[in-house]
Amino acid sequence: MLKAGYHVLLINDDQAMTKFFKEKLMLNGGYSVASESSVNSGLDTFTHSSFDVVIVKLNLSGKEGETLIRELKRVDPDCIIIAYLNVVNPEILKEVSRLGVYEVISKPVNLDKLLFLIKKGIDLHLLAATHRRLAHSFKEQNATLEKQNILLAKRIEESTKNLARLYEDLRQTYMRTIRVLAQAIDARDHYTHSHSENVARYAVAIASQMGLGANDLEVIREACELHDLGKIGVEDSILGKTSELTEAEWEQVRKHPIIGAQILEPLTFLNGVIELVRQHHEHYDGSGYPEKRSGGNILLGARIIHVADAYEAMRSARSYRKTPLSKEDAVTEIRVNSGKQFDPEVVTALLSVVNTF
Ligand SMILES: [Fe+2]
Ligand SMILES: [Fe+2]
């Protein structure tokens, strides 16, 4: 193993020349110089030690020179090879350049030129080695970063899933609470017990018949469960009144869609539901409340809930009408008001599914 300074390997079968190079490079250049006289021993030494520059006499014997250069490059792709040639012509120069030889020298050897070439070669070798080291460390850092990125992405994905789960749990808890509240409001009036539940069943059947998608059906179902929530603001005496309501009492009743929407407004996840609650008493011909909307200005979901709500009210006992209407009478009543109170398309859908209720 060579110890100090820069290391040069001579592979040359001409002993006199090796002696000459060795002396000059050591004395004049201050290099550590090792020498071998055959391809095999040269390769062996090169493989087991570290050299900055290799000087090769190419015509060691026939094709061996080319093989040697290929092997040296295989062991160290950055190795600096100076080829010493007896004969130099353009064709040979082209060939050695193709093999990756750094420089070519020939007889008579200009020692200053050789020392200059070795020095330049060493600089180049150091540069190439530094570049390779940097590229390697860059590659490793990239790989580490990539691993960290994958880990981070996984953590973000898990956190997002956890958040989505938490959000859904929270949403479900809210929904359960509001549903209980809505059921309690239904139960305040003995005659409307399960009213919201039934309206939901009818409305979903109508909406499904009209070809609405799963998301719309879910929003309509939730809106039905909560549609009369605003009756919390209507006095018990009005809800349970058996005689006709006064104008002032009607005034209170007409506020329940707005009160319901206002109660639900802070719950942003109920966005689609809130507007349906607000519009569920609007009439197709504009004679409803609270905003006197008409036709297509009323959300389709609200037009559906309105028909389901009216049908359910007719089919149940109410404080003002102890005996429910028969299915036929309720259907006739709805049909009579098609195009007036009710959207004709929704009425048609109800007629198609009414026998499944
Ligand atoms: Fe209502
Ligand atoms: Fe209702």
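# Exercises on a predicted model

P108 sits in the loop between strand 5 and helix 5 (111-188). Keep in mind as you work that this is a predicted model.

**Exercise 1. Find which residue is joined to P108 by a cis peptide bond, then look at the loop between helix 11 and helix 12.**

Step 1. Start at P108: the residue joined to P108 by a cis peptide bond is K107, and omega is about -10 degrees.

Step 2. Move on to the loop between helix 11 and helix 12, where P290 is placed. The bond from Y289 to P290 is cis too, with omega near 10 degrees.

Step 3. Stay in that loop, since K292 is also found between helix 11 and helix 12. K292 is not a glycine, yet its phi is positive, near 55 degrees.

**Exercise 2. Work out the strand order of the open sheet and say which strands stand at its edges.**

Step 1. Trace the sheet from side to side: its 5 strands run in the order 2-1-3-4-5, and the pairing is parallel.

Step 2. Look at the ends of that order. Strand 2 (32-36) and strand 5 each have a single partner strand, so one side of each has no neighbour in the sheet. These two are the edge strands.

Step 3. Now compare directions: on average, neighbouring strands are turned by 20 degrees against each other, direction ignored.

Step 4. Check two of the pairings. Strand 1 (residues 7-11) pairs with strand 3 (residues 53-57) in the parallel sense over 4 bridges, and V8 stands opposite V53 of strand 3. Helix 1 (residues 15-29) packs on the sheet and touches strand 1, strand 2 and strand 3, its direction making about 170 degrees with that of strand 2.

Step 5. Strand 4 (residues 80-85) and strand 5 (residues 103-106) are likewise parallel, with 4 bridges; here L85 has S106 as its bridge partner. To get from strand 4 to strand 5, the chain passes through helix 4 (residues 90-99) in a right-handed β-α-β crossover.

**Exercise 3. Decide how helix 10 and helix 11 are oriented: roughly parallel or roughly antiparallel?**

Step 1. Take the geometry of helix 10 (residues 256-264) and helix 11 (residues 271-279): they pack at about 165 degrees with axes 7 Å apart.

Step 2. That angle makes helix 10 roughly antiparallel to helix 11, as angles over 145 degrees count that way. The crossing is left-handed.

Step 3. List the contact: P257, I258, G260, A261 and L264 of helix 10 meet V273, I274, V277 and R278 of helix 11. By class, these are 7 nonpolar, 1 polar and 1 charged residues.

**Exercise 4. Do the same for helix 2 with helix 3, and for helix 7 with helix 12.**

Step 1. Helix 2 (residues 39-48) and helix 3 (residues 64-75) have axes that come within 10 Å and cross at roughly 10 degrees. These helices are therefore roughly parallel to each other.

Step 2. In this contact, V39, G42, L43, F46 and T47 of helix 2 meet E64, T67, L68, E71, L72 and V75 of helix 3. The classes come to 6 nonpolar, 3 polar and 2 charged residues.

Step 3. Helix 7 (residues 214-226) and helix 12 (residues 300-314) pack at about 50 degrees, with axes 10 Å apart. That angle makes helix 7 oblique to helix 12, and their crossing is right-handed.

Step 4. Helix 7 contributes D216, V219, I220, A223 and C224, and helix 12 contributes G301, I304, I305 and A308. Sorted by class, the contact has 7 nonpolar, 1 polar and 1 charged residues.

Notes. Residues numbered from 1 in each chain as written. Chains lettered and ligands numbered in written order. Predicted model: local features only at pLDDT ≥ 70, side-chain atom pairs only at ≥ 80, totals over all residues. Axes fitted to C-alpha atoms, helices over the stretch in contact; angles between N-to-C directions. Parallel < 35°, antiparallel > 145°, perpendicular 65-115°, else oblique. Left-handed = near helix turned anticlockwise from the far one by under 90°. Contact = placed C-beta atoms within 7 Å. Nonpolar A, V, L, I, M, F, W, Y, C, P; charged D, E, K, R; others polar. Pairing = 2+ DSSP bridges. Right-handed = clockwise from strand over helix to strand, strands pointing away.
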